[in-house]
Amino acid sequence: MISETVLERIRNEIVVYHDPKRIPHVMGVEKACCELCAFLSLDECTTRSLRFAALMHDCTKNWKTEKHLLYLRDKGVYISEDMLRSKKTLHQLSGAYFTREKYPEFTDEIAFSAISKHTTGGQMTICDAVLFLADYIEETRTFPDCVTIRNYFHELALNSGDKPETVLSRTMLEALDLTIKDLIKNGKYINRDTVYARNYYLLITGET
Ligand SMILES: [Fe+2]
Ligand SMILES: [Fe+2]
């Protein structure tokens with residue numbers, strides 16, 4: 001299990017990978033992961049893997065497209081047409097591989113998977129959804145859709161009476177709906193993993 005000392009070490013080392021202005025966001029995602037894990041009663045080992053993933057999730061966000069492509073090709077990673085068309089999402093893949101390269105001893109399947117899906121979604125586990133949502137609703141986010149989803153989550157958590165997993169799924173559905181609407185509004189390409197995840201949460205929440 002990743003120790004608190006390791007997390008403290010990573011917190012000190014992330015300044016190397018992240019733009020200084022992104023540090024409050026990264027810290028906010030770690031905090032939101034902690035809160036979501038507690039809400040879902042996830043165990044300490046899983047929680048710490050997700051906190052580690054939170055600290056590293058945007059570690060390649062500053063890379064140019066060419067750097068992502070060279071790095072991923074060098075690792076032998078298949079880059080789908082879909083990923084090539086939604087370039088802003090490339091950092092989720094390069095970020096997962098870079099995290100594993102830098103910290104192989106701490107990058108378990110939970111952390112790797114969550115980082116590799118934190119932007120597009122896809123076939124999501126509860127852990128993947130925790131990082132995805134933490135990234136969306138952490139406290140420093142001021143983008144209107146993020147504020148809407150943060151409030152939506154808190155309202156459901158406090159007043160819906162739904163099980164925590166259902167609250168997570170309903171919030172994921174709402175977040176993915178807003179993401180897709182925003183992409184459409186701005187004439188942007190929609191990665192098929194995002195559509196897949198949206199339909200998945202639509203089906204499991206029964207909101208069809
Ligand atoms: Fe990201
Ligand atoms: Fe992020």
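**Helix H6 and Ser41 in a predicted model**

Student: What makes the radius of gyration of the protein agree with a compact globule?

Tutor: The radius is taken over C-alpha atoms, and the globule rule is 2.2 Å times the number of residues to the power 0.38. For 208 residues a compact globule would have a value near 17 Å, and the protein has 16 Å, so the two agree. This is a predicted model, in which local features need pLDDT of at least 70, side-chain atom pairs count only at pLDDT 80 or more, and totals for chains, interfaces and linings use all residues. Residues are numbered from 1 along each chain as its sequence is written, while chains are lettered from A and ligands numbered from 1 in the order in which they are written.

Student: How many helices and strands does the protein have?

Tutor: There are 11 helices and zero strands, where helices (H or I, at least four residues) and strands (E, at least two) are DSSP runs numbered from the N terminus.

Student: Why is Ser41 called exposed?

Tutor: A residue is exposed with 12 or fewer other C-beta atoms within 10 Å of its own, buried with 20 or more, and partly exposed in between, with C-beta atoms placed from the backbone. Ser41 has 8 within 10 Å, so Ser41 is exposed. Ser41 lies in the loop between helix H2 (23–39) and H3, and has a positive phi of about 55° although it is not a glycine.

Student: What makes H6 mostly covered?

Tutor: In H6, 10 of its 13 residues are buried, among them Leu90, Tyr97 and Phe98.
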